[in-house]
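User: Please take me through this model by question and answer, beginning with the term that the first question rests on.

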Amino acid sequence: MSKTVLLQGNEAAVEGAIAAGMRFFAGYPITPSTEIAERSAIRLPEEGGKFIQMEDELASIAAVLGASAAGMKAMTATSGPGFSLMQENIGYGAMAEIPCVIVDVQRVGPSTGLATSPSQGDYMQAKWGTHGDHPVIALSPSSVLETYTLMVRAFNLSEKYRTPVIFLMDEIVGHLREDVSLPDPNSLIINRRKLSFHDGANKQCYYVPEGEYVPAMKPFGQGERYNITGLAHDESGFPINDHDKAGKLINRLIDKVEHNADHIVRVEQYEMDDAETAIVCFGGTARSVMSAVQAARAAGHKVGMFRPITVWPFPDKPLRARLPQLRNILMVEHNHGQMLLEMQRVAGRDVPVHFLGRVDGTVISPDDVLAKLEEMEG
Amino acid sequence: MPSELIHRYMRIDHLPQIWCPGCGNGTIMRDVAAAIQELIDDPEKDINRDNIVIVSGIGCSSRAAGYLDFNSIHTTHGRAIAFATGIKFANPKLNVIVLTGDGDCSAIGGNHLIHAARRNMGLTVIAFNNNIYGMTGGQYSPTTPDGDVATTAPFGNVDRPFDIANLASGAGASFSARGDVYHVRETIDIIKEAIQHKGFSLVDVYSVCPTYYGRKNHKGSAVDMLRWQKENLIPTARYYSMPEEERAGKKLIGILSYNDYPEYTEEYAKLVKAYRKKK
Amino acid sequence: MIGRKQLIIEDAWCKGCGICVAFCPKQALELRDGKVHLKDDGQCITCGLCEMRCPDYAIYLVNMEE
């Protein structure tokens, strides 16, 4: 058994990443994510890894992609303004299929906003921040322990699907300190990208066998001499202007995530078995919602919590399965109604969707949730 | 069947290249291939083809990565040096060569250039400097001389230009040099020195863009532009033997600054050695 | 040593920029119909300057068999 330690969410992100095999971190200081860079600067040399503080967030994500192409598991961490700066190269990572993890510890925006206050206003940016249609996997933890275990999963998904994974934290969880007993690192399942060496049958570096979605990655810098580009390319890795091939590529990139949604999607369902009202929330918001559910249950109300852990792709299927039993859905999030749009899409006209949101940097309390439930009943 | 050099080190299925007639970029790309070939063929030099990584950004220059038959990565506009930093730091045994343009490395990517120089990250940066944004059709760049015309400077450029080699020196580059497309032999030798240099090295190679820069500014044909280079860009030995007054308006082709500061990845390796946890 | 090297022109790759013609020290080259050609008067000394400056790799020397 591992011993119990007092750990901050941001620190747990680093420890989880190291457990997952992350040995390269490039970043730029920004509140409220800076502790991730600081701890990486200490921990990576201890593990034989590498830390570098770059000149800005544009450089940070670029260095991370370069390091990953060169064979390392790599990560960066930032917050809203820096996340905005990284968007172009997140698209590059999706297009060139370079695995990496980008941590965004959300704070209040837009612009410099409220630098030290929590928000979940980057939910849609995590999906649509970079231009063009592209795949996105985004995960959002709601506790310190989950930050650790989910970070391992973030790297596993990134390696398996060869795509950047957004680790969507918020200031609530990032700066939360909890007693946690971390799992034995040897008990963790760690994925690595599938590699193909000097593949005689098919030398194409982006060759995808029939019925599969993800090309095996040829090691870069070991003699394969292939080309990586952010331009539309064919299986050879060289730029093309052929619209059929470009369409095939971009559709495959999207399909590799959409068609594997059952594997990628994880949700937490708390007291949902007989729930007639589902409170939907993600990340740090779940902490208030869970207390509210307990209080509502104690008062005899059939309320449950439905929490997407995988926030992109949105968990359509498990949510749809709950719709027949629900009279009401309450979406609670620290923004002006972003996941709400996904909720409304899935709920359609079957179940009314209510909303409790906040953009002022204060935390939605259990009482706020209970008051909203009462208003809905009334 | 092209020449042996081209056959060995370029992806001939992708040639002829896309550049305009007379564009200097093809010559610079050949200089890079020739420098690498001479280093690989020299048994006294420890340069291995599989350890060479070509990194480029976006723009005319940056198409070079796709033509050179090495590990190659064509990245985003301005970010080639930042990608290269990640590659080099992740695997310091690689010879990472960045092929970039004047806009790519001194406008949108200027910050990465000065910081890689300051860190003394062991990269070799070859700037294909044609004084214009060619890929987008002739807008002024940070190296367009003041007064010159571009599509976005129709009445003459008010900006003052960068000297990229001096910019890198000023940022602390341990190796900074200038080449051109007329003095081929000298430029190949400079690139060879740059590749062998352990720390950060930059070679600002003056290209020619007859299509967008030359035509708009009445510089004549590619041949005329090369003649200008012949007369105004002077290799080291001759430059320093010229009387001071003759040097006015002329520029040196050769190494401008050199230093043996400790290289970044080697310094970091020492730190890891000192602080690595014993398992 | 003349005769040990031969000048080759890769017609399809020549874009007719004229750089090799202008800087040939023996004026042994000319442009015809937008492509470079070796003049017929045997002035080429196989110095290789054309190859070094050709941006399109369309003109080069090969070593002949002994």
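Analyst: This is a predicted model. A residue is called buried if 20 or more other C-beta atoms lie within 10 Å of its own.

User: What percentage of the residues of chain A count as buried?

Analyst: The count runs over the 378 residues of chain A, each judged by the cut-off of 20 or more other C-beta atoms within 10 Å. The share of chain A that passes as buried is 54%.

User: What radius of gyration does chain A have, set against that of a compact globule?

Analyst: The C-alpha atoms of chain A fill a box of roughly 70 × 45 × 45 Å along the principal axes, and the chain holds 13 helices and 16 strands. For 378 residues a compact globule would have a radius of gyration near 21 Å, and the value of chain A agrees with this, being 21 Å.

User: Which helix of chain A supplies the largest share of the side that touches chain B?

Analyst: In the contact between the chains, 36 residues of chain A meet 33 residues of chain B. Elements of chain A that each supply at least two residues to its side include strand 2 (22-27), helix 2 (34-46), helix 3 (57-69) and strand 10 (227-229). By class, this side of chain A has 20 nonpolar, ten polar and six charged residues. The largest share, nine residues, comes from helix 3 of chain A.

User: Which residue of chain B does I228(A) stand opposite?

Analyst: Strand 10 of chain A pairs with strand 2 (residues 71-74) of chain B in the parallel sense, over three bridges. Within strand 2 of chain B, the residue opposite I228(A) is I73(B).

User: Which strands stand at the edges of the open sheet of nine strands, and why is one side of each left without a neighbour?

Analyst: The sheet has mixed pairing and runs in the order 10(A)-2(B)-1(B)-3(B)-4(B)-6(B)-5(B)-8(B)-7(B). Each edge strand has a single partner strand, so one side of it is left without a neighbour in the sheet. The strands at the edges are strand 10 of chain A and strand 7 (233-235) of chain B.

User: What angle does the direction of helix 8 of chain B make with that of strand 5 of chain B?

Analyst: Neighbouring strands of the sheet are turned by 20° against each other on average, with direction ignored. Helix 8 (residues 184-196) of chain B packs on this sheet, touching several strands of chain B, among them strand 3 (95-101), strand 4 (123-129) and strand 5 (175-180). With the direction of strand 5 of chain B, that of helix 8 makes about 155°.

Definitions and conventions. Residues numbered from 1 in each chain as written. Chains lettered and ligands numbered in written order. Predicted model: local features only at pLDDT ≥ 70, side-chain atom pairs only at ≥ 80, totals over all residues. Contact = placed C-beta atoms within 7 Å. Helix = DSSP H or I, 4+ residues; strand = E, 2+ residues; numbered from the N terminus. Nonpolar A, V, L, I, M, F, W, Y, C, P; charged D, E, K, R; others polar. Pairing = 2+ DSSP bridges. Axes fitted to C-alpha atoms, helices over the stretch in contact; angles between N-to-C directions. Rg over C-alpha atoms; globule rule 2.2 N^0.38 Å. Buried ≥ 20, exposed ≤ 12 C-beta atoms within 10 Å, placed from the backbone.
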